[in-house]
Structures are given as C-alpha cells and as structure tokens.
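Biologist: I'd like a close look at one helix in this model. Could you walk me through it and then show me how it sits in the rest of the chain?

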Amino acid sequence: MAAESPAGESPSRGKRADAQRNRETVLAAAAKVFVTSGVDAPIRQIAAQAGVGMATIYRHFPTRADLVTAVYRHQIEACAEAGPDLLARAGSPLDALRQWIDLFVDFLVTKHGLADALQSETDRFASLHAYFLDRLLPVCAQLLDAAVAAGDIRSGTQPYELMRGIGNLCIGHDSDPRYDPRRLIALLLQGLEQPHAS
C-alpha cells in the first residue's frame, strides 16, 4: 500500500496535482508573454514569468507548436466557460454580452501570430479553428439570445457574424498605437441595441 502524504493524498496523486498546477502556471505565463512579445518569445522568458525552469516547460510542451496550441485551447476554454457565468452574474444579458466580448477581444490578442507559429502544421491549425468555432459559437449564441429575449438588442444578429466582425476590427491593433479596436467594438454593440436599452 502506498504511503500517504500529510494531506492524505498518495505521493503519485500529489505529483500529478503538482504537474497539473505547473502546467496551468506555464499556460497562464505563456499567454501573458504572447500578448507582450508574440508567440516567438524566448522560452526562457516564459519560464521566468511562470517561475519554473525551462525543463518544466519542455516536459509539458516538447515543441513551441505544442505550447502555442495548448495556450490557444486553454484560452478558448476560459472564454467558453465565462459565458454562462457572466450571464448568471451580470446585471443584464446586455452587460453579460459586453463583458464576454471584452474577454473575447483579450483572447484574440493572445492569438496573435498563431498561424506563423504553426507554419506547415495546417492540420493542427484547421482542427484548432474548428475547436474554436465549436466551443465559442454556442456561447455567443446563448448570450445574444438572452439579450434579444430581454429586449436589449435587436434580433437577427448571427453569432458567427458578430464574432467575425469583432475579429476583423481587432486586426492591426498592435501595429498602430493610435488604433483602439475596443472603441469601434463598443460602437458596433451600440448599433445592435434597441433604442430603449441603456
């Protein structure tokens, strides 16, 4: 019988929990570094941000493409899981939609350089894009439907159209410091609102 750790966990279970914590720490650190330095940032910079050794990163993510893919999936999951939570907590469905779109924009910024990082791995990129749509389109649809049902926005906006429009507005934000996509996205949302919505 395996010896129990002080917390009541077997050593192997404790090691698995530590490994999972390290993985989550690396993903969060890599996402931050990608925003400021792009997906080609040195692995040592990500390791420093995470407070782990480079060997820890390579143990979890043997290649840069593995790391970029994992960060991308992690961000998709966070964005998907936030939708229902925001709908339950926000003051109105419109507020929930606005807050979710803000998270979605943050996600799009993190995504910068993904295609270049995966280069010839077109199958991996295609599967990530499909995963992105499968996870986020239903969440966007739920938020839009709730805002329409509450009378906050006009009906007829398709989730794909909204997400694609937001994505297009985000293009070029990092190459022109005078350009603020969030301002234009706010104007886009105002255009969807019913006249009486605040």
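Modeller: Here's a tour of α7, starting with the helix itself and moving outwards. Keep in mind that this is a predicted model.

α7 covers residues 122-149, so to speak 28 residues in one run. From first C-alpha to last it reaches 40 Å, close to the 40 Å expected at 1.5 Å a residue. Even with that span, there's a bend of about 30° at L136, and P138 is the proline that follows within four residues. Once you're just past the end of α7, look at G151, which takes a positive phi of about 80°.

Now for the buried side of the story: L128, F132, L133, L136, V139, C140, L143, L144 and A147 are the buried residues of α7. Two of these names, F132 and L136, come up again in the largest nonpolar core, a 33-residue set where they join W100, I101, F104 and I166 as the residues with the most contacts inside it. α7 shares that core with α4 (64-89), α5 (93-110), α8 (159-170) and α9 (181-192), each giving at least two residues. Another core, of 20 residues, lies apart from it, and includes V33, F34, I43 and I46.

Back in the 33-residue core, try I101: leaving out residues up to four places away in sequence, I101 touches L162, I166, I185 and L189.

Zooming out, the protein chain has nine helices and zero strands. Buried residues are 37% of its 198 residues, and among contacts with a separation of 6 or more, 65% are between residues 24 or more positions apart.

Key
Residues numbered from 1 in each chain as written. Predicted model: local features only at pLDDT ≥ 70, side-chain atom pairs only at ≥ 80, totals over all residues. Heavy atoms only, no water. Expected span 1.5 Å × (residues − 1). Bend = angle between axes of the 7 residues up to and from the residue. Buried < 20%, exposed > 50% of the residue type's maximum accessible area, 1.4 Å probe, protein only. Contact = heavy atoms within 4.5 Å. Core = buried A, V, L, I, M, F, W, Y, C linked by side-chain atoms within 4.5 Å.
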